[in-house]
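Visitor: I am new to this structure. Could you walk me through it and tell me how each label is earned?
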Amino acid sequence: MNCYPSTSFSTSHITLANQYSSPYSSEIGDYYELAIISDIPKTIFDILMEIIRTLSPQFETDYSSTINYGYTIPTESFPFSLDFFRRLSIQNIQELSDFFTQHNDILPVFLFGCKLCTDTFGPDVELSVDIVQDPDSDFECIEVNVRKTVYEDNFMEMLESLSDRYWNTQMDTSSYFIISTDFQPPVKK
Amino acid sequence: MAADRLPKAPLVEAIFEMKWNLDQSGSGVKVDPNYKLLVGRFYDRLCEKDYPFHEQLPTANMPDEMAPYIIQHRFRKKEGGWPLIQLGPGIVTFNETERYDWTDFQHRLSEVVTQFFVSYPNPKKIYVEDLTLRYIDATDFNFSQNILSFLKDNMGMDIVMPETLFKETTINNCPLAIDFKITYPYPNGGATIRFARGTRNNKDALISETVVNSHGKCVPQNQEDIINWIVKAHDLTHVWFIKLYENLMGQFK
């Protein structure tokens, strides 16, 4: 299955391949909104637009408005909520921008991983995104630290279960990302 | 689509979509400088009276540059009900569900299109680039039965897979799922029929879509021509529905 995200903004979830999305739950939170609207360097704006461009071809434009039906067929794309954007806490957006410029093939996979995290860990999750250096090489990768106000007893099991779903999607990419946790509380309110 | 006033019509939703061209800046960002004003004027002229329940969707918080063709507002006739109008940068839709009736749908849709053009701050600058009329239907179906046999026996669709695919394999020649989609030429676009496995109200169902779409340079540009386009598109979907569902019509009455 192609795991590249697509976005459907219908309320009739064209639910494909057992993926569930809440297209109109899409919210761009204050943090991300500010990052775009305020006076930001062009390169950052460009990378944000790159995200949109990356998503755009995958858009499954669906303007239906009912929720009482869905498809259950195998497919190469599935609707994708943008809700996870508001959960991102980017430590150094310039660094991230530079990283994506060099490794734009990791972008859809990264977005897919963030989406998985928000689906798995619920509305109070914060995803702290950072570029880290592989200690054994010069290799850079993205680290996503899952942060919650309350860490459930089965938190680590849930975290590990994610790896089965996102890891294989980055087999042929020029870099990779890892989902981990530092057990810190969310920084943003 | 549902034939007019079939008591148990399979219709899930009827949707009309109209997209208009957005200005594209050098960086590729698509925006409509008139959009924000359009929302207010459109509400004043049409929605306040006929579709007073306004839902501002979370996507309305997205900067316009990031929201081309993404719905940001819904205007409903009654809270949580249909019909409804959806509006976003470059896109307006009109949606109806189980209570669909063509006469009422056409009347309301004509009003939506007319008021859209009246409300747009600079209507001469509108360039309509895409029109779609889409019907989604659902009929209960148990997928332990052979969907291809069902389509052949009831809808005259003879989709055959070569027996050689299954000989000397462990694969049972009874599909688990289907997603069949076929498009025929339609003036400046296509007319599409799709059958796919899905669910309706959490029950297995065969979902079908009939979609008529025109896009590009020759799409009708004024309200009168657009309304005519809608009528012609409906004529086709109506005939296709009647022909495809002829043998099942009894269960819809």
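Guide: Gladly! Please keep in mind that this is a predicted model. Chain A has 5 helices and 5 strands, and chain B has 4 helices and 11 strands.

Visitor: In what order do the helices and strands of chain A follow along the sequence?
Guide: The pattern of chain A reads α-α-β-β-α-α-β-β-α-β. Buried residues make up 54% of its 189 residues. In chain B, buried residues make up 53% of the 253 residues.

Visitor: And how much accessible surface does chain A have?
Guide: For chain A the accessible surface comes to about 8500 Å², with 51% belonging to carbon and sulfur atoms. For chain B it comes to about 11900 Å², with 49% belonging to those atoms.

Visitor: What makes strand β7 of chain B largely enclosed?
Guide: Strand β7(B) covers residues 91-96, and 6 of its 6 residues are buried, so the rest of the structure largely encloses this strand. To be called buried, a residue must have under 20% relative accessible area.

Visitor: How do you know that both faces of β7(B) are covered?
Guide: Side chains in a regular strand alternate between the two faces of the sheet. On one side of β7(B) sit B:Ile91, B:Thr93 and B:Asn95, and on the other B:Val92, B:Phe94 and B:Glu96; all of them are buried.

Visitor: Why are β1(B) and β7(B) said to pair?
Guide: Two strands pair if at least two bridges are found between them. Strand β1(B), residues 11-20, and β7(B) have 6 bridges, in the antiparallel sense, so the label fits. Within this part of the structure, B:Lys19 stands opposite B:Ile91.

Visitor: What makes β6(B) a partner of β7(B)?
Guide: The threshold is again at least two bridges, and β6(B), residues 84-88, shares 5 with β7(B), in the antiparallel sense. B:Gly88 has B:Ile91 as its bridge partner. The two strands form a hairpin with 2 residues between them, and B:Gly90 in the turn has a positive phi of about 85°.

Visitor: Which residues have the most contacts inside the largest nonpolar core?
Guide: They are B:Phe16, B:Ile85 and B:Phe116, in a core of 72 residues. Helix α4(B), residues 223-244, gives the largest share of this core, 8 residues.

Visitor: How do you know that this core lies between two domains?
Guide: Domain 1 (10-126) and domain 2 (137-253) of chain B both give residues to it, so the core lies between them.

Visitor: What is B:Phe116 in contact with?
Guide: Leaving aside neighbours within four places in sequence, B:Phe116 is in contact with B:Met18, B:Trp20, B:Leu38, B:Phe42, B:Val92 and B:Ile126. There is also a second, separate core of 29 residues, which includes A:Val125, A:Met158, A:Leu162 and A:Ile179.

Visitor: Why is the pair of A:Asp182 and A:Arg147 called a salt bridge?
Guide: The nitrogen and the carboxyl oxygen must be within 4 Å. In this pair the closest N and O atoms are 2.7 Å apart, so it qualifies. A:Asp182 lies in the segment after β5(A) and A:Arg147 in strand β4(A), so the pair ties together parts that are 35 residues apart in sequence.

Visitor: Are these two residues buried or partly exposed?
Guide: A:Arg147, at 11% relative accessibility, counts as buried. A:Asp182 has 27%, which falls between the 20% and 50% limits, so it is partly exposed.

Visitor: What makes B:Arg200 and B:Glu98 a salt bridge?
Guide: Their closest N and O atoms are 3.9 Å apart, and the limit is 4 Å, so this pair counts too. B:Arg200 lies in strand β10(B) and B:Glu98 in the loop between β7 and α2 of chain B, so the pair ties together parts that are 102 residues apart in sequence. B:Arg200, at 13% relative accessibility, is buried, while B:Glu98, at 49%, is partly exposed.

Visitor: How many salt bridges are there over all chains?
Guide: A search of the whole structure finds 13. Among them is the one between B:Asp204 and B:Arg197, with closest N and O atoms 2.9 Å apart. Salt bridges also link B:Arg134, B:Asp179, B:Arg194 and B:Glu209 in a network.

Key: Residues are numbered from 1 along each chain as its sequence is written. Chains are lettered from A and ligands numbered from 1 in the order in which they are written. This is a predicted model: local features need pLDDT of at least 70, side-chain atom pairs count only at pLDDT 80 or more; totals for chains, interfaces and linings use all residues. Side-chain values use heavy atoms; hydrogens and water are left out. Buried means under 20% relative accessible area, exposed over 50%, partly exposed in between (1.4 Å probe, protein chains only). A nonpolar core is a set of buried Ala, Val, Leu, Ile, Met, Phe, Trp, Tyr and Cys residues joined through side-chain atoms within 4.5 Å. Domain bounds come from an automatic or database domain assignment. Contact means heavy atoms within 4.5 Å. Accessible areas come from the Shrake-Rupley method with a 1.4 Å probe; for residues, only the protein chains shown count as cover. A salt bridge is a side-chain nitrogen of Lys or Arg within 4 Å of a carboxyl oxygen of Asp or Glu.
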